[in-house]
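Dear colleague,

I am passing this structure on to you, and I would be glad if you could look through it alongside the notes below.

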Amino acid sequence: MRKLDDYLLIRHTPGGRQYPRLDCWGLIVDYYRENLDITLDEHTDLTHATMSAGFAAERGHFREVSAPEDGDIVAFFLSGRLYHVGLYIAGKVLHTSERRNARYERMGGALTERRYYRYARD
């Protein structure tokens with residue numbers, strides 16, 4: 001099990017799926033595997049351009065929720081297109097990006113639409 005402080009050591013790596021070198025989807029995959037014992041498809045070919053298609057492939061495992069809980073996915077949309085994902089934890093988002101590596105911060109940005117998704121165990 002990884003703790004929040006462990007995730008703050010992540011070095012953003014495009015296509016990264018091996019801790020501590022992860023991209024935004026790699027962080028989700030690692031968190032679900034290490035903390036929730038859930039295996040997600042790694043989708044190592046995700047980029048900003050292919051993010052929507054990659055998440056659509058995983059969408060069957062998740063349901064959209066209006067009130068997020070710890071461990072839910074935060075999906076960020078701009079002009080209706082998914083461009084980034086992170087994890088909802090204690091009212092903030094844990095995510096990684098090329099510009100600033102791992103961050104745990106308040107969700108801001110009035111121009112960005114956010115949707116929340118919870119893994120649906122069947």
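The notes that follow deal with strand pairing, beginning with a sheet and then turning to a run of hairpins.

Please keep in mind throughout that this is a predicted model.

An open sheet is formed by three strands in the order E1-E3-E2, and the pairing within this sheet is mixed. Strand E1 (11–12) and strand E2 (17–18) each have a single partner strand and stand at the edges, so one side of each is left without a neighbour in the sheet. E2 and strand E3 (residues 21–22) run antiparallel and are joined by two bridges, with Gln 18 standing opposite Arg 21 in E3.

Further along the chain, strand E7 (residues 92–97) has five of its six residues buried, that is, under 20% relative accessible area, so this strand is largely enclosed by the rest of the structure.

On one pairing of E7, strand E6 (residues 81–89) runs antiparallel to it and is joined to it by three bridges, and Leu 87 has Leu 94 in E7 as its bridge partner. The hairpin of E6 and E7 has two residues between the strands, and in this hairpin Ala 90 takes a positive phi near 50°.

E7 also pairs with strand E8 (residues 101–105), again in the antiparallel sense, over five bridges; here Ser 97 stands opposite Asn 101 in E8, and the hairpin that joins E7 to E8 passes through three residues.

With best regards

Technical notes: Residues numbered from 1 in each chain as written. Predicted model: local features only at pLDDT ≥ 70, side-chain atom pairs only at ≥ 80, totals over all residues. Heavy atoms only, no water. Pairing = 2+ DSSP bridges. Helix = DSSP H or I, 4+ residues; strand = E, 2+ residues; numbered from the N terminus. Buried < 20%, exposed > 50% of the residue type's maximum accessible area, 1.4 Å probe, protein only.
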